[in-house]
Structures are given as C-alpha cells and as structure tokens.
Amino acid sequence: MADQHESIDLGCPPMDSSAAAGHCWFPSPPPPIYSCTLTPELVAKAREELQEKPEWRLRDVQALRDMILKEQPNLRTRLDDAFLLRFLRARKFDYDRALQLLLNYHAGRKAWPEVFQDLKPSTVKHVLDLGFLTVLPRPDPNGRYILCLRPGKWKPNDYPFVDNVRAIYLTLEKLIQPEETQVNGIVILADYTGVGMSQASNPGPFLAKKVVSILQDGFPIRIKAVNIINEPRIFKGIFAIIKPFLKEKMAERYILHGSDLRSLHRNIPRSVLPEEYGGTAGQLDMSAWSKLLLDCEEEFIVEFCQPDPLEGVVLPDSMLFEGEQASGQDEDTFRGLRSQLYYCY
C-alpha cells in the first residue's frame, strides 16, 4: 500500500511562499509533503476532542484515500495528506462520514455554479472593498479565529447576494488551511447594524437552506459559536428563515447579544476585539484580510478554476444539494415569513 501511496499524483496546489511571508499574523498551511505543525497542546486537544491519534494519523489518511479510489475512482479531488486530514478532523476520524463530507464538498460546487464558477478573490474584490467581512487578526483564548460579518454594509442594489457567499467561501477556504483551525474551529461575529427590510428578505429560504447546508454538511470546518450583535427587531424573522435548516447543535451555538457589549465580552474577550466592539485591539481593519486573499489569487485559480471534479461521478440519490428550484412548500414558507418580517419592521 505504501508503494501505491507514493505513485499517486497528490494534486496539492502550489503554495506561494512570498505571499504567505507578507501575512505573518495568519499561520501558514502544512507543507506540501505533510509534516504535523500542531503544538503538543493541540495534539492533545485533537486526541481528546477529535479522536485523532498521532501514531495512526497517516494510516487513517491512507484508509480514506483508499476508500475514495475504490468507491469514487472518477472523482477528481486532491488526495494529499493535508487535504484529507481536514475532512477526517471535521468528522472525528469516522471514515464513512469523512468521505460523505468530501462528496458533499464537491457536490456543493456542482449544485451552485453561480457561487463556484470562476471562484477567485479578484471576482469578489467589490465585496471586500465594501467591508462586508474580515477576519480579526488575533484568535480568541481558545485559538479560534473570528470571522466578522457585517451584512448591513450590503444593499441589494449593490450586487447579487451570492457574491457575499462567494467571499465567505473563499475566506473559509483560507481559514481552514492551517492545522490550528482544523482543531480549534472558528467563531463567527455578525454585526447586524444597518440591516433593514431589503437585506432581510432578499436571500429567501431556498438560498438560506443552501448556505446552511454547505456550512453544516459540505465544508470541513468546525463553527464553534455564532455571536450576533446589534440585531434589529426583524432579526426574529431572519432567524425564522434560517433555523429550520440548522441542526440542533448548531442552533444552540447562536448567541444573541443585542447592543449589550458586556454580553459579547463574556463570549469574546475585549483583548481580541476592535474598538468598534468595545475591545482593546485597535480599530477594525478591513484591509489586511482583503490583501491576504487577493495575494492568494493563483492559489485559488488552481483550486477552483478547473474542470468539474464530479464529471462522470455517480452520486447516491440521497446526496446533499438536490435540485435547483425551490419547492412549493419553501415558497409558501417564505411568503409567511416575509409577512412576519414586514410586521416586525
């Protein structure tokens, strides 16, 4: 089996070391030939929380690789150790669930071409320039980077909502590269300042369902908490659109703070928050993360601007992301929720 492993074209995209060097605040991904970059503390954490045994790590990766080659021989996917480890860690080293997650990961791309076609940072520069999202430069005390979303910055007349999804997805792809993130997970901070009726009613339940499906079941990242601040009264209507698609565990991780910064600081310490949110880490800088993504343009071209990885692959009927049209039930649900939003507003 070792000989077979050595003969595989691992397909790991080249890393631009010069680009990485310009962003020393964000950790680098593992090297092309995998060597564990986890600290002893994170190795222990991965063992306890993810059932990752260092002495069996590469054996587990090879087992998943063998399953892919046997069960999905036509799937054009990366097979390198570092890439497959993302899926094993996200599913606590359960081979079957890790394989399903990998298939979902690729199926999401096929089901939503508006998001994944020609996906690279330069195509979402307008989203980044608007200040819709950033990643705070300091992780929290649990080592989790904080993805800061500001949906009130976007107006439906600016550009299609899916452009926001594209920017979020590229950010998640970059965040998941370091092994620290694979073990620690991430935290989301969503500031709803300025969100009104036009933003709240725009995505609709079908679009919300697809976004939630990708984040929960189609991407190898652990979202440990979603902190909502400055939410308007209509947020109850917004959350009513999202909640039916959330798993119970994920729904419990949503924390609504309103305008109470003390409540936020009990979950995210002031030392890692910018001044805008009562923190002591300086002013909110939207440009650093934008530059980091834009400097990784070639990396994302290799990763996403390629032929369909599922061409010729037969997926089970139960695969995620079925269908491209909203059901009548979804439309009826949306009409009811839209009425709720107008009432709340």
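This text walks through a predicted model, from the whole chain down to helix pairs and single residues.

The protein chain has 18 helices and 5 strands. Of its 345 residues, 52% are buried. Sequence-distant contacts are prominent in the count: among contacts with a separation of 6 or more, 79% join residues 24 or more positions apart.

Start with helix packing. Two packed helices are described by the angle between their axes and the distance between the axes. Helix α6 (95–111) serves as a reference, with α5 and α4 as its partners here.

Take α5 (81–90) first. The α5 and α6 axes lie 8 Å apart, at an angle of about 120°. Angles from 65 to 115 degrees count as roughly perpendicular. The pair falls outside that range, so α5 is oblique to α6. Their crossing is right-handed. From α5 come F83, F87, L88 and A90. They meet Y95, A98, L101, L102 and Y105 of α6. By class, this contact holds 9 nonpolar residues, no polar and no charged ones.

Now turn to α4, residues 57–71. Its axis is 10 Å from that of α6, and the packing angle is about 55°. That angle makes α4 oblique to α6. This crossing, too, is described as right-handed. The α4 side supplies R59, D60, A63, L64, M67, I68 and E71. The α6 side supplies Y95, D96, A98, L99 and L102. Here the classes are 8 nonpolar, no polar and 4 charged. Y95, A98 and L102 of α6 appear in the contact with α4, and they appear in the contact with α5 as well.

The spacing within α4 deserves a look. An α-helix has 3.6 residues a turn, so residues three or four places apart point the same way. D60, A63, L64, M67, I68 and E71 are among the α4 residues that meet α6.

One charged residue of this contact merits a closer view. Is D60, in helix α4, buried or exposed? D60 is buried, because its relative accessibility is 4% and the cut-off for burial is under 20%. Which residues does D60 touch, beyond its neighbours within four places in sequence? They are L88, F93 and Y95. L88 belongs to α5, Y95 belongs to α6, and F93 sits in the loop between the two helices.

That loop has its own backbone feature. Most residues other than glycine have a negative phi, and most peptide bonds are trans. K92 has a positive phi, near 50°. F93 has a positive phi as well, near 60°. Both K92 and F93 lie in the loop between α5 and α6. Their burial is not alike. K92 is partly exposed, at 37% relative accessibility. F93 is buried, at 10%.

Next comes α17, residues 297–304. Its buried residues are E297, E299, F300, E303 and F304. Seen down the helix axis, these residues fall within an arc of 155°, so they line one face of α17. What covers them? The cover includes α5, α6, α7 (113–116), α9 (162–175) and α16 (287–294). The α5 and α6 pair thus returns as part of this cover.

Two other members of that cover, α9 and α16, also pack against each other. Their axes are 11 Å apart, at an angle of about 80°. That makes α9 roughly perpendicular to α16. L170, T171, K174 and L175 represent α9 in the contact. W289, L292 and L293 represent α16. The tally by class is 5 nonpolar, 1 polar and 1 charged.

The last stop is R222. It is found in the loop between α12 (204–217) and β4 (223–229). R222 is buried, with a relative accessible area of 13%. Its C-alpha atom is 4.4 Å from that of G185, although the two residues are 37 apart along the chain. Not counting residues up to four places away in sequence, R222 touches E49, L50, Q182, V183, G185 and I186. G185 is thus one of its contacts.

Notes
Residues are numbered from 1 along each chain as its sequence is written. This is a predicted model: local features need pLDDT of at least 70, side-chain atom pairs count only at pLDDT 80 or more; totals for chains, interfaces and linings use all residues. Side-chain values use heavy atoms; hydrogens and water are left out. Buried means under 20% relative accessible area, exposed over 50%, partly exposed in between (1.4 Å probe, protein chains only). Helices (H or I, at least four residues) and strands (E, at least two) are DSSP runs, numbered from the N terminus. The arc is that of the directions from the helix axis to the C-beta atoms. Contact means heavy atoms within 4.5 Å. Axes are lines fitted to C-alpha atoms, for helices over the stretch in contact, and angles run from 0 to 180 degrees between N-to-C directions. Angles under 35 degrees count as roughly parallel, over 145 as roughly antiparallel, 65 to 115 as roughly perpendicular and the rest as oblique. A crossing is left-handed if the near helix is turned anticlockwise from the far one by less than a right angle, and right-handed if clockwise. Ala, Val, Leu, Ile, Met, Phe, Trp, Tyr, Cys and Pro count as nonpolar, Asp, Glu, Lys and Arg as charged, and the others, Gly among them, as polar.
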